[in-house]
Amino acid sequence: MPPKQVQLSVANVSKSFAGKNGDVNVLDDLSFSINESDFVSIIGPSGCGKTTIFNIIAGLLEPDSGTITYRGQEIDSLRGRVGYMMQKDLLFPWRTVLGNVLLGLETRGVDAREAEAKAHEYLKQFGLAGFENAYPKTLSGGMRQRVALIRTLIMDPDIPLLDEPFSALDYQTRLYLEGVLKDAVQTYKKTVILVTHDIDEAVALSKRVVVLSGRPARVKVVHEIDIDATSPVTARNDANFATYFKTLCAELDIQTEKTA
Amino acid sequence: MTMTIQTAAPVRAKRKLKLARKRATFDTTLGRAFLQIAAVAIFFALWEAGVHAGYVSAFLMGSPSGIFATFYKLILSGELLADSWITLFEAILGFVIGTIFGSLFGLALWYSVFVAKLVEPFIVAINSVPKIALAPIVVLWFGTGLISKVALAVSLTALVALIAAYQAAKDADVDLQSLMISMGADKHQVFWKAVVPSTLPAIIATFRINIGFGLVGAVVGEFISSQRGLGHMIFLASSLYDLNSVWVGLFTLMILGFVLYYVIDIIERTSLPWKQATTSHQIQV
């Protein structure tokens, strides 16, 4: 096996926000790195600044200090090169399914006919053929989140950033979409960063899990998940699954006691 | 311990069912129209009867029979249609110009928070002036013709549209905008693809209010000084104590407003198909 290449590294990033009682330190000297074709989950107590990290990587926020290095080059942010997917599906209600999927390509100025052909191909692959002209309002939560996933992947982002994308869905739909995601990541060979509060999901999907401590967020420990399963469902049956799950639970519990 | 609960439920349920059945025969488009027309007919019949019995002064209140006779006369002479057309034209022109410019200006304020904050007190100040009070100046500036009425209607409608558009642009979902920025969109793309479409429902909602204000501007302008239009007709007739003609003018204005309201309703429903799209089930409360 060739040595793992670092694709993205975040080094010594700090960020604080002005609050009522002075500045709130959300990120303090945070560093971690992501390898090529990695699938990294970031878990931590709620409100520890997971979303802030994403906003900094996506270029929606500027860090107070620290550097981001991408394939050996120092950059400001990955704006325009990441795909952002959140818990809210953020579909544009006035656009049809097709229109929503095309949003990113339109923004990028891709030829309309070419973009549409690509969109139809993706919709078909994700089982949404026939829903092109439906408005988001008429779709189920799972379907809407699938449209959001297509909208993210069709941009061919360098790194999809997934911010608790499935946490608003029921368990069955979540299991199904985790499978869809895992397949898609393998098909398109993507590096993925997933923020989740669901330990179960983190273990079932990831190659590595980064555990953050409470505010201000620091990397507490990084676990390599050595489960070689074809789907998130079979991963949950793996012999090591329970051990990873227990370890991560323990680590998070200690912190909740500390922050409480 | 046992408790006996006395209940009138079976009887009540039966009565409810009977009522519901009765209601169902009238709760159709035709049934409702029948009830509505009947209400209007009863109202006019009582009025007419009051005039004949001497309880209502025909001199101060007019009478339905007189109103219908005047209406018929003015339709035949063509005066009513000519006046209606002029007032309608002034109102619609004022509405369109005021709404378009107001909305565009309000939306443009989204671009710069600095400029928006700078002009906000001025907008509030201008908005707090009762625009009707401008009517005499508007006539001085724009004369007694079409332009002064349109200008008055514009002054009434533009600020309503401006404030609604600005507010809606400010309230546009930040997450949708963030999503577009993360995709690499520039400010113009965020504006046109995320902000403008999300403000459309609010802007279209102002149409309903503004079409009424358009009529107000036109009629008040005609009151102040004019040779034509429904406002002029009402003003002239009331100074001659011709109450029947006044009512004809008022009812015609009511009809115009009514028709315009439904035209706006159709525009609202057809221009935002995504708002109309529903899932298969509709709830019943």
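In chain A, six strands form an open sheet in the order 6-7-8-3-9-10, with mixed pairing. This is a predicted model, so please read everything below in that light. At the two edges of this sheet stand strand 6 (82-85) and strand 10 (219-224) of chain A, each of which pairs on one side only. From one strand to the next, the twist averages 15°.

Here is a closer look at one pair inside that sheet. Strand 7 (residues 159-163) and strand 8 (residues 192-195) of chain A run parallel and are joined by 3 bridges. To find your place there, look for A:D163, which stands opposite A:V195 in strand 8 of chain A.

Chain A also has an open sheet of 4 strands, in the order 2-1-4-5, and its pairing is antiparallel. Strand 2 (22-35) and strand 5 (73-75) of chain A each have a single partner strand, so one side of each is left without a neighbour in the sheet. The twist here averages 30° from one strand to the next. Strand 4 (residues 65-70) of chain A pairs with strand 5 of chain A over 3 bridges, in the antiparallel sense, and A:Y70 stands opposite A:Q73 in strand 5 of chain A.

The two sheets can be set side by side:

| Sheet (chain A) | Strand order | Pairing | Average twist |
|---|---|---|---|
| 6 strands, open | 6-7-8-3-9-10 | mixed | 15° |
| 4 strands, open | 2-1-4-5 | antiparallel | 30° |

A helix packs onto the second of these sheets. Helix 1 (residues 50-58) of chain A lies across strand 1 (6-19), strand 2 and strand 4 of chain A, and it runs at about 65° to strand 2 of chain A. Strand 2 of chain A also holds A:N35. Is A:N35 buried or exposed? With a relative accessibility of 11%, A:N35 counts as buried. Beyond its neighbours within four places in sequence, A:N35 is in contact with A:K4, A:Q5, A:V6, A:Q7, A:T191 and A:R208.

Now to the nonpolar interior. The largest nonpolar core has 113 residues, and A:L8, A:I57 and A:I193 are those with the most contacts inside it. Helix 10 (residues 187-224) of chain B gives the most to this core, with 12 residues. Apart from it lies another core, of 15 residues, including A:I43, A:V203, A:I225 and A:A235. As for A:I193, its contacts outside its neighbours within four places in sequence include A:L8, A:I34, A:V40, A:I57, A:I159 and A:L161.

Helix 2 (residues 97-108) of chain A has 10 of its 12 residues buried, so this helix is largely enclosed by the rest of the structure. Among the buried ones are A:V97, A:L98, A:N100, A:L103 and A:T107. Their cover comes from both chains: it includes helix 3 (112-125) and helix 4 (141-153) of chain A, together with helix 9 (174-182) and helix 10 of chain B. After helix 2 of chain A comes A:G109, with a positive phi near 80°.

Chain B offers a helix pair worth viewing. The axes of helix 5 (residues 79-108) and helix 8 (residues 146-171) of chain B come within 6 Å and cross at roughly 35°. Their crossing is right-handed. Which kinds of residues make up the contact of helix 5 of chain B with helix 8 of chain B? The residues divide into 16 nonpolar, 7 polar and 2 charged.

Methods: Residues numbered from 1 in each chain as written. Chains lettered and ligands numbered in written order. Predicted model: local features only at pLDDT ≥ 70, side-chain atom pairs only at ≥ 80, totals over all residues. Heavy atoms only, no water. Core = buried A, V, L, I, M, F, W, Y, C linked by side-chain atoms within 4.5 Å. Buried < 20%, exposed > 50% of the residue type's maximum accessible area, 1.4 Å probe, protein only. Contact = heavy atoms within 4.5 Å. Axes fitted to C-alpha atoms, helices over the stretch in contact; angles between N-to-C directions. Left-handed = near helix turned anticlockwise from the far one by under 90°. Nonpolar A, V, L, I, M, F, W, Y, C, P; charged D, E, K, R; others polar. Pairing = 2+ DSSP bridges.
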